[in-house]
Amino acid sequence: MVKTNINFIERRGTGSLKWDHADVLFNGEGLLPMWVADMDLGVPHQVQEALINRVNHPIFGYARPHDSLYDAVVNWMKDKHDWTIQKEQVFFSSGVVPSIAAAILAFTEPGDKVMIQSPVYAPFYSCINENSRTLVDNPLLIKNNRLEIDFEDFENKLKDGVKLFILCSPHNPGGMVWSKADITRMAELCKAYNVLIISDEIHADLGLYGHEHTPIAKMNPNSITLMAPSKTFNIAGLQASLVITESPEIMKKLTGQFLKQGFYGLNVLAYPAMEAAYTYGIDWLNETISIIESNAELVTSFINDKLPAVNVIKPEASFLVWIDLRGLGYTEGEITKRLIQKGKLALEPGSKFGKAGSGFVRMNIGCSPETVKEGLNRLYNSFSDLI
Ligand SMILES: Cc1ncc(COP(=O)(O)O)c(C=O)c1O
């Protein structure tokens with residue numbers, strides 16, 4: 001692997017949501033922020049250079065993507081995911097969440113059933129509820145220290161009139177990479193019951209320990225895939241993401257919905273950043289993945305050793321660790337109070353991902369090993385009087 005000298009950089013004072021706003025949002029003081037999902041790593045230098053080059057030109061008028069950006073996206077999908085797509089199948093959106101909301105509006109009516117798999121990324125709930133659709137849950141099961149899909153319930157729910165299924169693949173907060181067999185089974189069941197799939201694959205590029213991601217669109221073209229360079233290359237603040245669908249009818253309807261909402265394209269910095277990331281970012285990404293893997297090892301060995309009542313769901317993708325604190329016997333309110341007041345640690349409370357998440361927390365390990373160690377000590381301190 002080519003070493004790219006990834007840097008961990010002080011972020012306070014940069015307007016960072018994670019670092020500058022944690023104390024206020026979590027109602028604490030001197031908190032170590034290991035919550036919202038961005039990383040503390042400097043981006044690939046080619047991305048920063050592409051941005052500097054563009055900023056050096058003093059006019060920031062409206063922009064359109066160059067053909068070379070489409071080529072970069074098409075090549076990335078082929079090289080990274082063995083997925084052949086065409087330029088016409090790609091649309092640029094400012095974010096995965098806005099795309100989920102647009103797809104819900106385009107393909108369902110108020111009252112229609114939209115299925116998710118809890119616990120899951122909070123905006124899945126709000127996009128459904130705020131648009132007055134009916135939320136249907138196919139809860140994930142915990143088996144062998146992994147989250148797994150309850151296929152019997154999955155099929156029953158589809159049979160019962162679900163119109164749209166929102167998949168989170170890889171899964172946030174659980175960090176699971178769904179196997180090819182699982183993806184195939186979900187794809188086939190959705191085909192059988194004529195259910196459209198929105199697949200949020202924002203964490204797809206960050207497979208750990210050799211886990212390979214399978215885009216569900218490969219198995220079922222009646223789907224909309226949402227990917228982005230944002231988590232992969234730590235550029236979430238640039239607000240650039242991809243909508244990919246093989247179906248021209250779906251593309252037409254969805255882009256029509258974006259027009260209805262008055263959305264025409266990304267900002268002038270998003271395109272060059274995205275192109276540089278997909279063109280030059282692979283070495284940086286491979287190094288980042290090994291940093292995350294060793295951070296995940298730190299978390300599992302520390303918790304197994306020092307907090308035996310706590311259980312870690314080891315991530316198979318991305319930089320978020322789902323930690324089960326239920327064995328400590330506290331309510332979520334008590335857990336949060338201890339973390340904030342005693343430990344001075346800001347973690348995402350599990351219930352943010354649905355009722356099934358109560359008693360869990362999500363720790364962001366997209367940071368230096370020193371920060372992970374400090375976070376683990378603070379986690380321990382939060383509960384040390386019990387041990
Ligand atoms: C599963 C998932 N989807 C979407 C997002 C956010 O996407 P965006 O910022 O592009 O709307 C996140 C961010 O954490 C996420 O984890």
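Student: Before we start, what counts as contact between two residues here?
Tutor: Two residues are in contact if their C-beta atoms, placed from the backbone, lie within 7 Å. Keep in mind that this is a predicted model.

Student: Okay, so what covers the buried residues of α12?
Tutor: The cover includes the strands β11 (311-313), β12 (320-324) and β15 (360-364), along with helix α14 (369-383).

Student: And which residues of α12 are buried?
Tutor: They are W284, T288, I289, I291, I292, N295, A296, V299 and I303.

Student: How does the span of helix α12 fit its residue count?
Tutor: It agrees: α12 has 25 residues, 282-306, which at 1.5 Å a residue should span 36 Å, and its end C-alpha atoms are 36 Å apart.

Student: Back to β15. How many of its residues are buried?
Tutor: 5 of the 5, so β15 is largely enclosed by the rest of the structure. F360, R362 and N364 are buried on one side, and V361 and M363 on the other.

Student: Why do they split up like that?
Tutor: Because side chains in a regular strand alternate between the two faces of the sheet.

Student: In what sense does β12 pair with β15, parallel or antiparallel?
Tutor: Antiparallel, over 5 bridges. D324 stands opposite F360 of β15. Strand β14 (residues 348-349) also pairs with β15 in the antiparallel sense, over 2 bridges, and there P349 has V361 as its bridge partner.

Student: New topic: how many residues surround the ligand?
Tutor: There are 13, and the closest are A37, G95, V96, V97 and N172. By type, the shell has 8 nonpolar, 4 polar and 1 charged.

Terms used
Residues are numbered from 1 along each chain as its sequence is written. This is a predicted model: local features need pLDDT of at least 70, side-chain atom pairs count only at pLDDT 80 or more; totals for chains, interfaces and linings use all residues. A residue is near a molecule or strand if its C-beta atom, placed from the backbone, lies within 6 Å of it. Ala, Val, Leu, Ile, Met, Phe, Trp, Tyr, Cys and Pro count as nonpolar, Asp, Glu, Lys and Arg as charged, and the others, Gly among them, as polar. Helices (H or I, at least four residues) and strands (E, at least two) are DSSP runs, numbered from the N terminus. The expected span of a helix is 1.5 Å times one less than its number of residues. A residue is buried if 20 or more other C-beta atoms lie within 10 Å of its own, exposed if 12 or fewer, and partly exposed in between; C-beta atoms are placed from the backbone. Two strands pair if DSSP finds at least two bridges between them.
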